[in-house]
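Dear colleague,

I am passing on a structure that I would like you to have to hand, together with my notes on it. Please look it over alongside the text below.

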Amino acid sequence: GAEGCRESGLKSILQDISVEKVMWDCRESADALYFQLGIELTSVFDLQLLRVVTVEHDKESSDAQCYKLQTLQCVAKQVVEADEFLGADGSHVSVCINQRPFREEVLEHSVNHVVILRKIFEALGADLEPGIKAEVRDASARYALFLRAKLKRSFC
């Protein structure tokens, strides 16, 4: 629970500015961490924003026309040719994180997400110019605060 998270050291890692947290669309996670656990997420490197920035800067890319925020599944297929989001039967995996203990497929799904995020980070971020990295870091910091001003929120 919340107390265990605060006592486990996870809070200190998530708030440590020297530890970069690679995420995909950090908005809701940052909002939930702040309002449910009192954790202010820092030093986020949001891969969704990286994708937008790299597509904008790569005018020769076939994706150069696509400036919209894409889903993780879409980018995983385009960038690292990953289909780890699909179940054994080829259908999309639906996960419910409200049940405790976590079901095995939820844990597998979570591990797959981490692996895919790492692959996307390596594929898109390998040869980034320092200026672009700084641009993504700055945008990610603002993105993490994006939902903070919301007056009503609900967490499932």
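What follows is a description of the chain as a whole, then of its cores, and finally of a patch on its surface.

Please keep in mind throughout that this is a predicted model. The protein chain comes to seven helices and two strands, and, read from the N terminus on, its elements are arranged as α-α-β-α-β-α-α-α-α. Of its 156 residues, 31% count as buried, while the area that the chain exposes is about 9800 Å², with carbon and sulfur atoms supplying 53% of it. Among the contacts with a separation of 6 or more, 63% are accounted for by residues 24 or more positions apart.

Turning to the interior, the largest nonpolar core has 15 residues, and the members that touch the most others are Trp24, Phe45, Leu47, Leu50, Leu72, Ile120 and Val136. Two or more residues are given to this core by each of helix 4 (47-57), helix 5 (72-80), helix 6 (104-125) and helix 7 (130-144), and of these it is helix 6 that gives the most, with four residues. If one leaves aside the neighbours within four places in sequence, Trp24 is in contact with Asp46, Leu47, Gln48, Gln70, Thr71, Leu72, Val75 and Leu117.

There is also a second, separate core, made up of 13 residues, which includes Met23, Ala30, Leu33 and Tyr143. Ala30 may serve as a way into this second core: its place is in helix 3, which covers residues 27-37, and Ala30 counts as buried because its relative accessible area is 3%, where the cut-off is under 20%. Not counting residues up to four places away in sequence, Ala30 touches Ile39, Leu41 and Ala144. Along the chain, Ala30 and Glu40 are 10 residues apart, and their C-alpha atoms are separated by 7.1 Å.

On the outside, Leu10, Ile13 and Val19 form a nonpolar surface patch, and together these residues have about 210 Å² of accessible area. Leu10 lies in helix 2, which runs over residues 10-15. Why is Leu10 classed as partly exposed? Its relative accessible area is 38%, and Leu10 is therefore in the class between the cut-offs of 20% for buried and 50% for exposed.

With best regards

Definitions and conventions:
Residues are numbered from 1 along each chain as its sequence is written. This is a predicted model: local features need pLDDT of at least 70, side-chain atom pairs count only at pLDDT 80 or more; totals for chains, interfaces and linings use all residues. Side-chain values use heavy atoms; hydrogens and water are left out. A nonpolar core is a set of buried Ala, Val, Leu, Ile, Met, Phe, Trp, Tyr and Cys residues joined through side-chain atoms within 4.5 Å. Buried means under 20% relative accessible area, exposed over 50%, partly exposed in between (1.4 Å probe, protein chains only). Contact means heavy atoms within 4.5 Å. Accessible areas come from the Shrake-Rupley method with a 1.4 Å probe; for residues, only the protein chains shown count as cover. Patches are made of residues with over 30% relative accessible area and no salt bridge: like charges are joined within 9 Å, nonpolar side chains (Val, Leu, Ile, Met, Phe, Trp, Tyr) within 5 Å. A salt bridge is a side-chain nitrogen of Lys or Arg within 4 Å of a carboxyl oxygen of Asp or Glu.
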